[in-house]
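Open the structure in your viewer and keep the selection panel at hand. The stops below go from domains to the contact between chains.

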Amino acid sequence: MNTYVNKKTFLVFIYRHRWKPNIFSLFNNIFSNFFPIFIIKIPIIGKFPKKIICHVTSNMAATATSNATFRLGNPLSSSSSSSVYSSNKLPVNFRKFALQTSPVKSFSVSCTLTRKPVPAAPVSMDSDPNGWRRPDSFGRFGKFGGKYVPETLMSALSELDAAFHSLSKDEKFQEELAGILEDYVGRESPLYFAERLSEHYKRPNGEGPDIYLKREDLNHTGSHKINNAVAQALLAKRLGKKRIIAETGAGQHGVATATVCARFGLQCIIYMGAQDMERQPLNVFRIRLLGAEVRAVHSGTATLKDATSEAIRDLVTNLETTHYILGSVAGPHPYPMMVRDFHAVIGKETRKQALEKWGGKPDVLVACVGGGSNAMGLFHEFVNDKDVRLIGVEAAGFGLDSGKHAATLTKGEVGVLHGAMSYLLQDEDGQIIEPHSISAGLDYPGVGPEHSFLKDVGRAEYHSVTDEEALEAFKKLSRLEGIFPALETSHALAYLEKLCPTLPNGTKVVVNCSGRGDKDVETVIKHLRV
Amino acid sequence: MAAFNLNTPFFNHRKVLSSIKIGTAPVVSLPMLPQTLPDSTAFTINNTLSTRKPVDKKDIVNNTGGKFGKFGGKYVPETLITSLARLEAEFNLVLHDSEFQEELTTALRDYVGRETPLYFAQRLTNHYKNSEGEGPEIYLKREDLNHGGAHKINNAIAQAMIAKRMGRKSIVAATGAGQHGVATAAACAKLSLDCTIFMGATDMEKQASNVLLMKHLGAEVEAVDGTFKDASSEAIRAWVGNLETRYYLAGTAVGPHPCPSMVREFQSIIGKETRKQGMEKWGGRPDILVACIGSGSNALGLFHEFIKDEDVRLIGVEAAGFGLDSGKHAATLTRGDVGVYHGAMSYLLQDEEGQILGPHSIGARLSRGWTGGELFKRNRSGRVSYCNRRRSCCSISTAMPLGRHFSSVGGLSRIGFPGETMSYSTQWHQGCGEYQRSWR
């Protein structure tokens, strides 16, 4: 077995998934025969953590084990690796050519040194945010992020990265995108002073913060998702791709993707967990009405994470013709950076509108965090302004101690999911814990790597709010301002209960009203007897 | 027949209201005379019903005492006349009150999300090109992007602000599909007014989600036996019962004067924006304006700005339901007769005895039995043409409506075919996702 462990720098584990040859595979693409190999590169920075838990998803639905994970002890000790499997015949660069013959359940870990290590620059709250590399050339935000993907995807991702960088400097593309955002999506969305809400949170002496809502609910399709969908569809067109795939949990991202595909005349396939399809039949209908195909995913727990895995599988099979519109700032590089930059228009508009309205910057920014796209869109512009406080609000479901929540940044641990290193909700064996939240959009066991970075560095604070508190906030905003927010947004609004009493008079708080609540009416009916 | 008022004083409003602010062009008369009127102002009393001559084009713009030719008016019990007069005076005041206008503009911008884009529907345009690649350019005025998802909020927020200004504590309104109810409830929540919405029981079942939205917004929803027309009657009854503290928020361009004028005035922001955006996008005016008509508020909002421009063609599309001959339709302007309903003279669907016929349309908001008086005036003088479409097929594949109403389409075309009639019918075949077109 070829095992090299360099104590100083790099530790590379190559995990190859079992593949059962059958007659059909002979007719498949050559790459699918040698599927899939996950290279997990864990850079060692400073103190080496005692446990590194890596989650590796399965790409073959045929296998019984849907999630294969392994726990590593201190790699510096020789007892770290698990059972070796017949890799004796394997050359060092065995990624493409070996067949697997071992039984179903066993898997192996083997290590090889691939290149000189590049440790991530140490970052702390004392350092200047302008110096932080978000992301660095490897797509890392500190130690988070990266590209934990099969080799087959590396070139596609590099191509995407290059295309993204060239188009961000392309004036024509930017103009076209700006035109579509204005005429089709309906930007710029207003920054609305919520007078009655501010009154409500005033203390008995009449002091309290001023609360503004960034009205992303007024966008076409009713949420911020379309900003990214429209830009990525335009990008895909530029790349000559005719086919778009996407995953969706609640259906909102699926609807946004199907909408832009109809607009641009692209073929669209949406992967949705079978359980989610039952919970959101209206969105499934909408997606079909827009001309897209909805494919049900039955593997695993039949929810968002399984839909994501299935979409990634599709992508790897159809790389030349397909573009994968990822809905959030998660996934392998360059997706977190791309999606963040496409949503950054939210923060840019907020800065401009704040200057117009009160001649300054906002003091506090509040946004809900599921995967983290709307939060990143609002925060990105202000990360370098240390006097602006950034608050992300996650879903605490039935409560943080109940075990049924989706508070990844509060209760999760570091691992790799869907191609990026980030915090995620996992049990002791490294299996993904099924999250729960009343709002489908926050019901994701992972989180964007940049949020993990901002949390670790202390730049942003992350709190959580239960289902009940979110429902109360939903009612409150409806009654006080005549705006019905999405349940996801309601989480951000619910945090104001705890936040406002602590803020001095006249503090400017901007809450990202990321979506409207029409889609949640049935859910709310069930929970609130109005 | 309710009694009608012949003695509406009329004077040349242009002498008094010479400084018109923020692009409003009030064409209402002032029954209550402000103190600032000079003594030499001449008054004439105009009894329009005694003459039968065809409507002069000039009169299209100057309306007299809430009358549009012979339509409109104030066919209401005497108890309501003072209230309506007060409302009219207040309305005229706010039109020239810059503080109110500024507040309204801020609310429209920050709360409603105006201005709405004028979107060039590329694929739709391509779809309608003929074999030589020629065809009109189709633009969509995106009122679907407003808060609440329809144009209704433009009017609801403005009228709610007027009600607050007048010191009223509660609002009553009637709604069919619920869109106006939701818009009213939202505006009331924002301005902390009590809100009661009357809705037909059958409509409440069909639009349960809208009912819930209204309740969440803090409004009381009262069920009424019947449909929208019965809900309207009930709402007016509720208003009449408590005139001092209640305000009737008309959602549509029907009802006694000044309701049609008010609604038209507040919706005319649509047309104003369209003119400005047309100028920016192609340096000219639209050639054709198309809008759906239930009772006519969105159509009037779009058309009003362009009435005086003779070269702009105005097309209203009504609901022909199961077909004009089936008897189940809502094509008031095509098949209706003149009568008085809910305080105004207008076309309406009535049987030989003058009883109201129940209209039918798949789009709940298009099933009205009557239409705003002003639209008829336009019809009579030939300025607006009306077509009927089966199944209210106005859904656009690229800009997806919320499913609740397919009726919000404002389409403009830049190049019309010379010499060829633009009327065509489009039939949406539900289920197979295709649609065919036939030229008539």
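The tour that follows is of a predicted model.

**Stop 1: the domains of chain A**

Colour chain A by its domain assignment: domain 1 is 10–113, domain 2 is 149–178 + 223–333, and domain 3 is 187–221 + 340–527. Next select residues 187–515 of chain A, the stretch that an unreviewed UniProt entry annotates as "domain: Tryptophan synthase beta chain-like PALP". Helix makes up 40% of residues 187–515 of chain A and strand 20%, and the C-alpha atoms at the two ends lie 14 Å apart.

**Stop 2: domain 2 against domain 3**

Show domain 2 and domain 3 of chain A together. Their centres, taken over C-alpha atoms, are separated by 24 Å. Contact involves 30 residues of domain 2 of chain A and 32 residues of domain 3 of chain A. About 2,700 Å² is buried between domain 2 and domain 3 of chain A, with 63% of that area on carbon and sulfur atoms.

Which helices of domain 2 of chain A each supply at least two residues to the side that touches domain 3? Select H5 (225–238), H6 (252–264) and H9 (304–317) of chain A. H5(A) gives the largest share of that side, six residues. Coloured by class, the side of domain 2 of chain A that touches domain 3 shows twelve nonpolar, 15 polar and three charged residues. Turn on polar contacts across this interface of chain A: twelve residue pairs qualify, both residues at pLDDT 80 or more. A search for salt bridges between domain 2 and domain 3 of chain A returns zero.

**Stop 3: chain A against chain B**

Now display both chains. The contact draws 38 residues from chain A and 33 residues from chain B. Chain A and chain B bury about 3,100 Å² between them, and carbon and sulfur atoms account for 60% of it. Pick out A:Asp183, A:Leu218 and A:Phe484, which lose the most area to chain B on the chain A side and together make up 18% of what that side buries.

How many salt bridges are counted between chain A and chain B? There are two. For one of them, zoom in on A:Lys357 and B:Asp110, where the closest N and O atoms are 2.8 Å apart. Polar contacts link 16 residue pairs across the interface of chain A and chain B, both residues at pLDDT 80 or more.

Finish with the elements of chain A that give two or more residues to the side touching chain B: H3 (171–185), strand E8 (191–193), H6, H15 (467–481) and H17 (521–527). The largest share of that side, six residues, belongs to H15(A). By class, the chain A side has 18 nonpolar, seven polar and 13 charged residues.

Definitions and conventions:
Residues numbered from 1 in each chain as written. Chains lettered and ligands numbered in written order. Predicted model: local features only at pLDDT ≥ 70, side-chain atom pairs only at ≥ 80, totals over all residues. Heavy atoms only, no water. Domains from an automatic or database assignment. Contact = heavy atoms within 4.5 Å. Buried area = accessible area lost by both parts, 1.4 Å probe. Salt bridge = Lys/Arg side-chain N within 4 Å of Asp/Glu carboxyl O. Polar contact = N/O pair within 3.5 Å; in protein donor to acceptor, adjacent residues only side chain to side chain. Helix = DSSP H or I, 4+ residues; strand = E, 2+ residues; numbered from the N terminus. Nonpolar A, V, L, I, M, F, W, Y, C, P; charged D, E, K, R; others polar. UniProt positions renumbered as here; feature names shortened; annotations may be inferred.
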